[in-house]
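This report follows a few contacts through a structure, moving from a sheet to charged pairs and then to aromatic rings. Please keep the sequence and the 3D view open while reading.

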Amino acid sequence: MLNIKTIDDATINQRVYQLNLGPQHPSTHGVMHLLLTLDGEVVVKIEPIIGYSHRGHEKMAENRIYEQYLPNPARMDYLSGMIFNHGYCMAVEKLCGIEVPRRAEYIRVITSELNRIASHFIGTMDYAMGLGAITPFLWGWDDRENILDLLEMISGSRLTYSYGRFGGVRNDITKEFYDGTRKFIDRLRSRFWDYENLINQNVIFIKRSKEVGVISKEDALAFGVTGPTLRGSGVKYDVRKNEPYSAYPEFKFEIPTRKEGDCLARYQVRMAELEQSVNIIEQALDHLPPGPVRAKVPRFVTPPEGDCYVTFESARGAAGFYIVSDGTRVPYRIKVRAPSFSNLFVLTKICPGHFLADIVAIFGSIDVTVPEIDR
Amino acid sequence: MNITQLPYIKDIYGFLGSDVMSGLVGLLIIAALVPLNVAALVLVERKVAGHIQLRPGPMEVGPHGILQTLIDAVKLLGKEMVTPGLTDKPLYWLSPIIVVAPAFVGFIPLPFSPLVQIKDVNVGFLLIFSFSSIGVISILMGGWASNNKYSLIGAVRSVAQNVAYEIPLLLSVMPIVMMTNTFKLGEIAQAQSGLWFIFYQPIAAIIFFIATTAETNRAPFDLVEGESELVSGFHTEYTGMRFSLFFLAEYTNMVIAAALFTTFFLGGWYGPVLPGAVWFFAKTYFLLFVVMWMRWTYPRIRFDQLMNFAWKVLIPIALVNLFITAIVLKVL
Amino acid sequence: MLTAGQKKLLVELKSSLAEAVPEGQISESDYAKKGYHLEVRLDKGGLRRVAQTMLDKRFMLETVTAVDFIDSFELVYLYATYYHQYCRVLTRIRIAKDAQPYSVSAIYPAAIWLEREVYDFFGIRFQEHPDLKRIINPDDADYFPLLKNFGKTKFTDQIDDILC
């Protein structure tokens, strides 16, 4: 790689020019504006400008009751909507001390992992599309369609779910869902080979991803990076294993990590996580306990005064809800920790010195969802 | 054999002179072939892309979407030709016109069959290669005149890429010229009546294939118009008919490149039962299918890796191949 | 239930935090109810000292937020670790409405954006922040959205009809 030239305001020479990558661009996932300062084709400084999809979710929380806020978390990170939805329910349950029946926990795990698979398909294949390989993107969407159909069977929506309730989930899973998930898992296991042959072993793909956008462990700690972006740099941190919640302690799965920290490592971590999610779903389906799917909670939940922080692993990293309650039915403050917010800022540190084509690759490999950053 | 040596044409139109007549008939052939080829290719590309991506491609218009290109052409003709305000108007207008020139000229020396060849120019493929360099200038003009940083980056990349890959292109054809002692494409095709040259020169064939894929800006070398990074490269600011001219030029260049490969390495018009022209087009379209297949399978190469590949890998291999051919020809 | 490793870590943390900010109140909290293990309540300052201690102990800055209590703000800094067994530390400080706390961005670069967000929504200016400008709201906005007297909250009369 070239020597990094950090830009110093006093030494801007006439060779440097600015280029706007976005807000409308075929390869930024969402409305993301990257202001690049380039010297020829080498990036000298990069400044992400966000706020284009700000909808005011945190303000909305202050004039709705807890139940009315249920649709909102899924709209923040729409690719892992189910995970956020369950996370919000977990936060309120922790505040109120509600216990969730085991069957509901298992269903939450199954749907969360299905959602994680769907999100990782987009994350990895969007990265491949940013490099120019359009075919794997469409193959990934084909697999994702099956997941969306499955989740529509039980929750009614394909992308922004509102399936969890305080104390469990809204309704039980049907036999159709159960059989469909089993068939889906079998089909997916045979499809991994296709992706392996098409992209994972492709020499151009590897040459463009190796040693591009390396995030060191110290940078990751200083910037608060979590998720597959962190695991690609060699740190074995996954909220499902480090701070287990819900029914995760009862399942056997591994946390894939790679130690290089470049784009290829992050991509491989995501593909390996797909397999682990499939294992979790299989174990959950095998041992699904009978019972109710929703605990008895009052119609309008009134948490005691105090605050509480709950963290969970979304497809992008460690997300969290910090809820401050003042004893009424309306939350006082809900703060959402969006993993993409911290992951995006790392770009300013690692991008200088790379080519323009690499910026698209690095941005795709970090896998941000812009509405989650803007809330 | 030139087309005007066919007896009936000379009798009927003898009073005009054979050169003018052959020129006119040649013009007609080009005017017929180019749009037909492009129309077929656009549809073939979309269908091939669709099937590789596990979907059927255009299916609405006509049975299995056959008439899709017709509708696309009508749509493009009807679009407004927007000229951005701060562009350099003369260059902006000239660029699409000049980019089509090598496309048309390239059809002249191609030997479709022993009877059908517009003019067996004595410098043969050098005519095609020199006109494709004019195409590079027009791309640069288009990118500069658009007054758009993305277009400029795309245009500059394309100049470097085209200049770099012309050298392996020529170096890989030199062994063929040494073997057949002629530049004329018709005679090169005739010389393959025994064994096709691809068996004599496999390395040269591979280098030629890669170099022409790079020259026509097709994937995996399409970072000139890399959609993920540069929106659309040098033709970002072109709309309507001007955009379709760029499109036409690109697809026609592809056809010429495939036809050249067929002439040099795959035996031109030779084939068992069917007439020569049918075999020629069959081989050409098979090659085009391979090019499209590559486009939808491979990601894009980064620019510095592209230049490294041209200068540090392809040119040395082509030179070595040339030396070996020269030595073998001298010894045998 | 805390494991032995966590108990050891907490004891170490408490002692180094007490050393760094002797005027702060450090108390353990119930993770099952609150989601964090240690709570550090600061009064006048000490954010940067806490941040330095946390960085030395290899914690990451998870999030920074503020809560608007009508006559004061409460700034909340959350630290979490992935190098030891899981542990979360919450640091709070009550500041007056016009106070200007010091930024910890020299210690944690993550704070550059997190504190910009707090400024953008609450109007709290941080001193020694390298780049304090709006991040999510429009650049020329002259309001701070998450204040309790702005927009529709239960403290204004513009409240929507909610099932209270």
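A residue is called buried when its relative accessible area is under 20%, exposed when that value is over 50%, and partly exposed in between. The model discussed here is predicted, and the cut-offs just given can be applied directly to Asp77(A), which is buried because its relative accessible area is 0%.

**A charged pair in chain A**

Side chains of opposite charge can pair when their charged atoms come close. Asp77(A) takes part in a salt bridge with Arg316(A), in which the closest N and O atoms are 3.4 Å apart. This pair links distant parts of the chain, for Asp77(A) belongs to the loop between helix 2 (72-76) and helix 3 of chain A, while Arg316(A) belongs to the loop between strand 6 and strand 7 of chain A, 239 residues apart. Arg316(A) also counts as buried, at 1% relative accessibility.

**The sheet beside helix 3**

In chain A, 3 strands form an open sheet in the order 6-7-8, and their pairing is antiparallel. Strand 6 (306-314) and strand 8 (333-337) of chain A each have a single partner strand and stand at the edges, so one side of each is left without a neighbour in the sheet. From one strand to the next, the twist averages 15 degrees. Strand 7 (residues 317-325) of chain A pairs with strand 8 of chain A over 5 bridges in the antiparallel sense, and Ile323(A) has Ile334(A), in strand 8, as its bridge partner. Helix 3 (residues 81-96) of chain A packs on this sheet and touches strand 6, strand 7 and strand 8, its direction making about 150 degrees with that of strand 6 of chain A.

**Other charged pairs**

Over all chains, the count comes to 51 salt bridges. The table sets out three of them, including the pair already described.

| Salt bridge | Closest N and O atoms |
|---|---|
| Asp77(A) and Arg316(A) | 3.4 Å |
| Asp30(C) and Lys33(C) | 4.0 Å |
| Arg92(C) and Glu74(C) | 2.8 Å |

Are the two residues of the pair in the second row buried or exposed? Asp30(C) counts as partly exposed, at 42% relative accessibility, whereas Lys33(C) is exposed, with a relative accessible area of 56%. In the third row, Arg92(C) lies in strand 5 (residues 88-95) of chain C and Glu74(C) in strand 4 (residues 72-81) of chain C, so the pair ties together parts that are 18 residues apart in sequence. Here Arg92(C) is buried, with a relative accessible area of 7%, and Glu74(C) counts as buried at 4%.

**Aromatic rings**

The count of aromatic pairs comes to 43 over all chains. The rings of Phe84(A) and Phe321(A) have centres 6.3 Å apart and planes at 75 degrees, so this pair is edge-to-face. Because Phe84(A) lies in helix 3 of chain A and Phe321(A) in strand 7 of chain A, the pair ties together parts that are 237 residues apart in sequence. Phe84(A) is buried, with a relative accessible area of 0%, and Phe321(A) is likewise buried at 0%. In chain B, Phe112(B) and Phe280(B) form an aromatic pair that is edge-to-face, with 5.4 Å from centre to centre and 85 degrees between the planes.

Charges also sit over rings: the charged end of Lys148(C) is placed over the ring of Tyr332(A), 4.0 Å from its centre, and Lys97(C) lies over the face of Phe73(C), at 4.5 Å from the ring centre.

How values were computed:
Residues are numbered from 1 along each chain as its sequence is written. Chains are lettered from A and ligands numbered from 1 in the order in which they are written. This is a predicted model: local features need pLDDT of at least 70, side-chain atom pairs count only at pLDDT 80 or more; totals for chains, interfaces and linings use all residues. Side-chain values use heavy atoms; hydrogens and water are left out. Two strands pair if DSSP finds at least two bridges between them. Helices (H or I, at least four residues) and strands (E, at least two) are DSSP runs, numbered from the N terminus. Axes are lines fitted to C-alpha atoms, for helices over the stretch in contact, and angles run from 0 to 180 degrees between N-to-C directions. Contact means heavy atoms within 4.5 Å. A salt bridge is a side-chain nitrogen of Lys or Arg within 4 Å of a carboxyl oxygen of Asp or Glu. Buried means under 20% relative accessible area, exposed over 50%, partly exposed in between (1.4 Å probe, protein chains only). Rings of Phe, Tyr and Trp (its six-membered ring) pair if their centres lie within 6.5 Å; planes under 30 degrees apart count as stacked, over 60 as edge-to-face and the rest as tilted. A charge sits over a ring if NZ of Lys or CZ of Arg is within 6 Å of the ring centre and within 35 degrees of the ring normal.
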